[in-house]
Amino acid sequence: DTAATNLLQRVGFTHDHHQLVLLDELDDDDVAAAAAEALAALDRACVLHAAPLALALHAPKVPARACAILDDGTLVSGDQANLLRIWPAAAAAVAASEPWAVLEGHEGVVGVHGVKCCIAAGPERMASAARDGTVLLWRVAPPTPPMLLATLRGHGDAQGADVSNARVIAALALLTSGRLASAGSDQPVRVWEVPAAAAAST
């Protein structure tokens, strides 16, 4: 549409026979700087006019793979570096440049990394899953520091299909019973009890 076209032209694209092309004389740094400025302008305009796209939360240059909104409005992102970044609702509302907390727990598997999904798992609870075959259950209740409550393992064992990347978990869901369901490359859907206690377990 017109707005999207205008944004791309501001970055450096130009019309060429009904298509948008990037000029050869622009180098990567020029495009990156123009893109950053254009996105910042878009954020300001959206906030000013209360548009659906309100703001952008910036993280290091690592591809994000997942995001979730927790029950209290806290925003969570999961990335290819196996990290979870937390923005409480108040910080997200002002587009804080730095996350409130960065959580480590997932591991790489033979050089393969990445959080694949994260979801709200009840009041003050978040679940994350990754390529390492684990579901991690966290307590997230700003301003209290986050806490790992449980590490749930099972994907990639003998109950599943013998496939490559058998430990990769690609989806999580919270059931009405309060239990967690996970599914991945090894095919079975696994259902987990959500521990209520704050003690870590495996």
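Q: Hi! Which residues have the most contacts inside the largest nonpolar core?
A: Those are V76, L84, I86, L103, M126 and W138, in a core of 15 residues. A nonpolar core here is a set of buried Ala, Val, Leu, Ile, Met, Phe, Trp, Tyr and Cys residues joined through side-chain atoms within 4.5 Å. Buried means under 20% relative accessible area, with exposed over 50% and partly exposed in between (1.4 Å probe, protein chains only).

Q: Anything I should know about the model itself?
A: This is a predicted model, where local features need pLDDT of at least 70, side-chain atom pairs count only at pLDDT 80 or more, and totals for chains, interfaces and linings use all residues. Residues are numbered from 1 along each chain as its sequence is written, and side-chain values use heavy atoms, leaving out hydrogens and water.

Q: Back to that core: which elements give two or more residues to it?
A: They are β3, β5 (83–87), β6, β7 (115–120) and β9 (134–141). Strands are DSSP runs of E with at least two residues, numbered from the N terminus.

Q: And what does M126 touch?
A: Not counting residues up to four places away in sequence, M126 touches L70, V76, L84, I86, L103, I119, A121, L136, L137, W138 and V140. Contact means heavy atoms within 4.5 Å. There is also a second, separate core of 14 residues, which includes L137, A150, I169 and L172.

Q: New topic: in what order do the strands of the open sheet come?
A: The order is β3-β4-β5-β6, with antiparallel pairing. Strands pair if DSSP finds at least two bridges between them. At the edges are β3 (64–69) and β6 (101–104), each pairing on one side only.

Q: How many bridges join β3 to β4?
A: Five, and β4 covers residues 75–79. One detail there: A68 has V76 in β4 as its bridge partner.

Q: How many disulfides are there?
A: Zero. A disulfide is counted when two cysteine sulfur atoms lie within 2.5 Å.

Q: Why is C117 not bonded to C118?
A: Because their sulfurs are 7.3 Å apart, too far for a bond, even though C118 holds the closest cysteine sulfur to that of C117. As for C118, its nearest cysteine sulfur is that of C67, 6.7 Å away.

Q: Last one: is S182 buried or exposed?
A: Buried, with a relative accessible area of 1%. S182 sits in strand β12 (residues 180–184), and its side chain makes a polar contact of 2.9 Å with that of W192. A polar contact is a pair of N or O atoms within 3.5 Å; within protein, one must be able to donate a hydrogen and the other to accept it, and residues adjacent in sequence count only if both atoms are side-chain atoms.

Terms used
Helix = DSSP H or I, 4+ residues; strand = E, 2+ residues; numbered from the N terminus.
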